[in-house]
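This briefing covers strand pairing, one buried residue, charged pairs and a pocket. Please look over the sequence and the structure before reading the points below.

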Amino acid sequence: MGEVRVQIVVVNPRTGARSEEMTALADTGATLTVVPGEMLRQLGIGAVRRVSLVLADGRRAQRDVGEAHVAVNGEPVPCRVVFGEPADATLLGLTVLEQLGLAVDPPQRRLVPTDFLLY
């Protein structure tokens with residue numbers, strides 16, 4: 001099994017300001033996408049609320065979240081993004097993967113199309 005890393009672009013939905021392409025770890029254990037907070041602020045994306053999160057090691061933390069569009073393979077979707085702190089990894093969370101109809105294929109280290117579920 002291996003990590004799946006993908007290129008993403010973050011867009012401010014109000015202004016159209018776009019980030020440079022960045023590498024994110026596709027993480028099906030993360031509900032939300034995590035982007036460096038400094039980058040979100042540079043794009044003019046503001047926090048809409050503060051949420052409580054459970055980190056991979058079980059600790060609890062507080063982070064701001066904002067509204068953005070995240071593009072994978074050139075296809076953007078609206079989503080909530082976490083304002084990552086300097087020690088936080090950049091993650092592509094399950095919500096965006098599901099919105100795009102993508103699944104993680106760890107042995108091949110890639111994203112693959114999957115069916116949307118409606119039941």
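Two strands pair if DSSP finds at least two bridges between them. In this predicted model, strand β3 (residues 33-36) and strand β6 (residues 75-84) are joined by four bridges and run parallel. Strand β6 is also joined to strand β5 (residues 60-72), by eight bridges, and those two run antiparallel.

**Strand pairing**

- Within the parallel pair, V35 stands opposite F83 in β6.
- Within the antiparallel pair, V70 has V77 of β6 as its bridge partner.
- The hairpin of β5 and β6 has two residues between the strands, and N73 there takes a positive phi near 55°.
- In a regular strand the side chains alternate between the two faces of the sheet.

**T33 and its surroundings**

- T33 belongs to strand β3 (residues 33-36).
- Is T33 buried or exposed? T33 counts as buried because its relative accessibility is 1%, and buried means under 20%.
- A polar atom of the T33 side chain lies 3.1 Å from the backbone nitrogen of G93.
- If neighbours within four places in sequence are left aside, T33 is in contact with V70, R80, V81, V82, L91, L92, G93 and V96.
- G93 therefore appears both in this contact list and as the residue whose backbone nitrogen lies 3.1 Å from a polar side-chain atom of T33, while T33 itself is buried at 1% relative accessibility.
- V70, another residue in contact with T33, is the one whose bridge partner in β6 is V77.

**Salt bridges**

- Side chains of opposite charge can pair when their charged atoms come close.
- How many salt bridges does the structure hold? The structure holds eight salt bridges, and the points below describe some of them.
- The side chains of R63 and E85 meet in a salt bridge, at 3.7 Å from N to O. R63 lies in strand β5 and E85 in the loop between β6 and β7 (91-93), so this pair ties together parts that are 22 residues apart in sequence.
- R63 counts as buried, at 8% relative accessibility, whereas E85 is partly exposed, with a relative accessible area of 38%.
- E3 and R5 form a salt bridge in which the closest N and O atoms are 2.9 Å apart. E3 counts as partly exposed at 48% relative accessibility, and R5 counts as partly exposed at 47%.
- R110 and D105 form a salt bridge with the closest N and O atoms 3.4 Å apart. R110 is partly exposed, with a relative accessible area of 44%, while D105 counts as buried at 17% relative accessibility.
- R63, E85 and D88 are joined into one network by salt bridges that share partners.

**Largest pocket**

- The largest pocket holds about 500 Å³ of space.
- Which of the 19 lining residues are the closest to the centre of the largest pocket? They are V34, V54, L55, A56 and L91.
- L91 is also one of the residues in contact with T33.
- Strand β4 (residues 47-54) gives the most to the lining of the largest pocket, with three residues.

Key:
Residues are numbered from 1 along each chain as its sequence is written. This is a predicted model: local features need pLDDT of at least 70, side-chain atom pairs count only at pLDDT 80 or more; totals for chains, interfaces and linings use all residues. Side-chain values use heavy atoms; hydrogens and water are left out. Buried means under 20% relative accessible area, exposed over 50%, partly exposed in between (1.4 Å probe, protein chains only). A polar contact is a pair of N or O atoms within 3.5 Å; within protein, one must be able to donate a hydrogen and the other to accept it, and residues adjacent in sequence count only if both atoms are side-chain atoms. Contact means heavy atoms within 4.5 Å. A salt bridge is a side-chain nitrogen of Lys or Arg within 4 Å of a carboxyl oxygen of Asp or Glu. On a 1 Å grid over the protein atoms alone, a cavity is a set of points where a 1.4 Å probe fits but cannot get out, and a pocket is an open set with protein on both sides within 12 Å along at least five of seven lines; lining residues have an atom within 4 Å of a point. Grid points are joined across faces, edges and corners, and a volume is the space filled by probe spheres set on the points.
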